[in-house]
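Open the model in your viewer and keep the selection tool at hand. We will start with the whole chain and then move to smaller selections.

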Amino acid sequence: SMLGFALALGSAACNGLRWASSQIWMQGSTEVRSGPIDQLFRQLPPAMLVLAPCAAFLDADPIKHQIQDATRSGEFFAELALLGIVFAMAGLALVLIELTLVDRLSSVVFAVLAIVKEVLLILLSVLIYGDVLSPLNISGFFLVLVGLFSFKVTHRQ
């Protein structure tokens, strides 16, 4: 859908800006240099201010129905708390790893690695789950592969 495409494009743009700004702060001069933990505390509050209302708006109805169905079971709130803690810790670890990689590499190399990850996920979804790609998906997939190859060739020089 067009909304999904716009959200994915916006997410990619925001990630690129976040990685570039993180690289500037973490690899800058010694007066302004900060580490991944500092960046984590700088990025999380604004991210929550933006993402929480978006998630509430976009997912309100599905969440409401899931809660109504699940509250019939007494274990719902314990499961919800456990899942919340597990996913919050996993998300925190993922962002910390991401910031550490941006600190050690560059934001461009990290962005390329993120694209490689997406390509691998698509390949695995086709091979393991039998997902079917449309001709447009396949042409986009090969366009990304050409871009990755071009980056590899020009990055060596």
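Show the surface of the whole protein. Its accessible area comes to about 11800 Å², and carbon and sulfur atoms hold 74% of that area. Keep in mind that this is a predicted model. Of the 157 residues, 14% count as buried.

Now switch to a cartoon. You will find 5 helices and 0 strands. Read along the sequence, the pattern is α-α-α-α-α. How much of the contact set links residues 24 or more positions apart? Among contacts with a separation of 6 or more, such pairs account for 63%.

Next, bring in the record. An unreviewed UniProt entry places the feature "transmembrane region" at residues 80-101, 108-130 and 136-154. Color these three spans.

Select residues 80-101. The span is 100% helix and 0% strand. Its end C-alpha atoms lie 31 Å apart.

Jump to residues 136-154. Here too the record gives a "transmembrane region". This span is 100% helix, with 0% strand, and 27 Å separates its end C-alpha atoms.

Go back to helix 4, which covers residues 107-129. Pick out Val116, which is found in this helix. Is Val116 buried, partly exposed or exposed? Its relative accessible area is 33%, so Val116 counts as partly exposed: that class lies between the 20% and 50% cut-offs.

Finally, add Leu120, Leu123, Leu124, Leu127, Ile128 and Tyr129 to the selection. Together with Val116 they make a nonpolar surface patch of about 740 Å². Show these side chains on the surface to end the tour.

Key:
Residues numbered from 1 in each chain as written. Predicted model: local features only at pLDDT ≥ 70, side-chain atom pairs only at ≥ 80, totals over all residues. Heavy atoms only, no water. Patch = residues over 30% accessible without salt bridge, like charges linked within 9 Å, V, L, I, M, F, W, Y side chains within 5 Å. Areas by Shrake-Rupley, 256 points an atom, 1.4 Å probe, with all protein chains shown as cover. Salt bridge = Lys/Arg side-chain N within 4 Å of Asp/Glu carboxyl O. Helix = DSSP H or I, 4+ residues; strand = E, 2+ residues; numbered from the N terminus. Buried < 20%, exposed > 50% of the residue type's maximum accessible area, 1.4 Å probe, protein only. Contact = heavy atoms within 4.5 Å. UniProt positions renumbered as here; feature names shortened; annotations may be inferred.
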